[in-house]
Amino acid sequence: MNKILIIDDDKELCDLIQRYVLTENMEADCCGSGREGLERLKKRDYQLVVLDVMLPGMDGFETMEGIRKESSLPILMLTAKNDISSRVRGLRAGADDYLAKPFDMDELIARILALVRRYTRLNQPEGSPRRLAFDGLTIDADARSVTSVHGTFELPPKEFDLLWLLACHQGKIFTKQKIYELVWKEDYCYDDSNIMAVISRLRKKLEANPGRPVYIQTIKGVGYRFNREV
């Protein structure tokens with residue numbers, strides 16, 4: 001059974017989330033502080049952390065920094081409704097998704113399920129097929145090829161590496177700096193032309209209508225992500 005850790009000092013909210021995830025055949029533990037959450041992560045395996053930004057003592061950003069030193073677990077951050085700066089800061093610091101309070105519980109559960117599904121798929125035992133399938137698109141890592149509405153074909157190295165990075169972390173927003181560092185494996189030089197050119201070529205090969213992309217989405221002012229809905 002998949003297990004999630006909720007780090008939030010709102011006990012009523014924690015209890016509510018626990019009841020909802022139980023109906024999805026998942027367990028949830030609750031912690032009221034960042035330090036308690038970090039200790040719990042050392043003692044038990046989880047597939048997701050739901051992390052509130054506003055915590056007593058160690059805040060959500062400090063807690064996330066501690067988590068990221070030890071784990072690549074997906075992190076869903078909870079922020080205040082109008083706190084855009086916290087959302088951007090959280091995504092840049094390593095959060096995989098965010099949700100603003102107050103939120104609809106059905107939306108929260110849908111995001112939790114999507115993040116857990118991606119995490120468990122990416123952490124299959126060694127030797128598992130390295131193939132990702134989406135609605136209208138298949139990506140084969142061994143053949144370094146894709147199958148889209150335009151047929152099946154191999155991709156040049158940078159195009160495939162960028163696509164594979166985004167698709168393996170479906171829904172996670174990557175900044176241009178992080179994309180450049182992970183795909184080009186060089187220090188970011190604040191020249192986005194290479195990234196934009198690769199994204200443009202990919203969209204022409206993957207999309208039925210490149211002008212209205214379905215797979216690789218632009219997040220204005222932040223970067224790019226692979227659509228969580230496909």
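## Briefing: fold, backbone and charge pairs

Arg 68 is partly exposed, at 26% relative accessible area. This residue belongs to a predicted model. The protein chain carries eight helices and 12 strands. Its 230 residues give a radius of gyration of 18 Å, which agrees with the value near 17 Å for a compact globule of that length. By the rule used here, the model has 17 salt bridges.

**Overall shape and surface**

- The C-alpha trace spans about 50 × 35 × 30 Å along its principal axes.
- Of the 230 residues in the protein chain, 47% are buried.
- The accessible surface comes to about 12,100 Å². Carbon and sulfur atoms account for 47% of that surface.
- Contacts between residues at least 6 apart in sequence include many of long range: 55% of them join residues at least 24 apart.
- The chain has 35 positive and 36 negative side chains. The centres of these two sets lie 3 Å apart.

**Backbone features**

- Most residues other than glycine have a negative phi, and most peptide bonds are trans. The next points concern departures from that pattern.
- The peptide bond between Lys 101 and Pro 102 is cis, with omega about -10 degrees. Pro 102 sits in the loop that runs between β5 (97–101) and α5 (105–122).
- Asn 25 is not a glycine, yet its phi is positive, about 60 degrees. Its setting is the loop between α1 (11–22) and β2 (26–31). Asn 25 is exposed, because its relative accessible area is 52% and the cut-off for exposed is over 50%.
- Arg 144 also has a positive phi, about 50 degrees, without being a glycine. This residue is in the loop between β7 (137–140) and β8 (145–148). Arg 144 counts as partly exposed, at 31% relative accessibility.

**Strand β1**

- Strand β1 covers residues 2–7 and includes Lys 3. Ile 7 lies in this strand too.
- Lys 3 is buried but has no salt bridge. The nearest side chain of opposite charge is that of Glu 27, 5.3 Å away. A salt bridge needs the nitrogen within 4 Å of a carboxyl oxygen.
- Leaving aside residues up to four places away in sequence, Lys 3 touches Glu 27, Arg 44, Asp 45, Tyr 46, Gln 47 and Leu 48.
- Ile 7 is buried, because its relative accessibility is 0% and the limit for buried is under 20%.
- With residues up to four places away in sequence set aside, the contacts of Ile 7 include Cys 31, Ser 33, Gly 34 and Gly 37. Val 49, Val 50, Leu 51, Asp 52, Leu 55 and Thr 63 are also among them.
- Ile 7 and Leu 38 are 31 residues apart along the chain, and their C-alpha atoms are separated by 9.3 Å.

**Salt bridges**

- Side chains of opposite charge can pair when their charged atoms come close.
- Lys 101 and Asp 8 meet in a salt bridge, at 3.0 Å from N to O. The pair links distant parts of the chain, 93 residues apart: Lys 101 is in strand β5 and Asp 8 is in the loop between β1 and α1. Lys 101 is partly exposed at 23% relative accessible area, whereas Asp 8 is buried at 3%.
- Arg 68 pairs with Asp 96, and their closest N and O atoms are 3.0 Å apart. Arg 68 is in helix α3 (residues 60–70) and Asp 96 is in the loop between α4 (84–93) and β5, so the salt bridge ties together parts 28 residues apart in sequence. Asp 96 is buried, with 9% relative accessible area.
- Asp 161 forms a salt bridge with Arg 144, with closest N and O atoms 2.6 Å apart. Asp 161 lies in helix α6 (residues 157–168) and Arg 144 in the loop between β7 and β8, 17 residues apart. Asp 161 counts as partly exposed at 30% relative accessibility, and Arg 144 counts as partly exposed at 31%.
- Glu 27, Asp 29, Glu 36, Arg 40 and Arg 44 are joined into one network by salt bridges that share partners. Two of its members, Glu 27 and Arg 44, are among the residues that Lys 3 touches.

Terms used: Residues numbered from 1 in each chain as written. Predicted model: local features only at pLDDT ≥ 70, side-chain atom pairs only at ≥ 80, totals over all residues. Heavy atoms only, no water. Helix = DSSP H or I, 4+ residues; strand = E, 2+ residues; numbered from the N terminus. Rg over C-alpha atoms; globule rule 2.2 N^0.38 Å. Buried < 20%, exposed > 50% of the residue type's maximum accessible area, 1.4 Å probe, protein only. Contact = heavy atoms within 4.5 Å. Areas by Shrake-Rupley, 256 points an atom, 1.4 Å probe, with all protein chains shown as cover. Lys, Arg positive; Asp, Glu negative; His and termini not counted. Charge placed at Lys NZ, Arg CZ, Asp CG, Glu CD.
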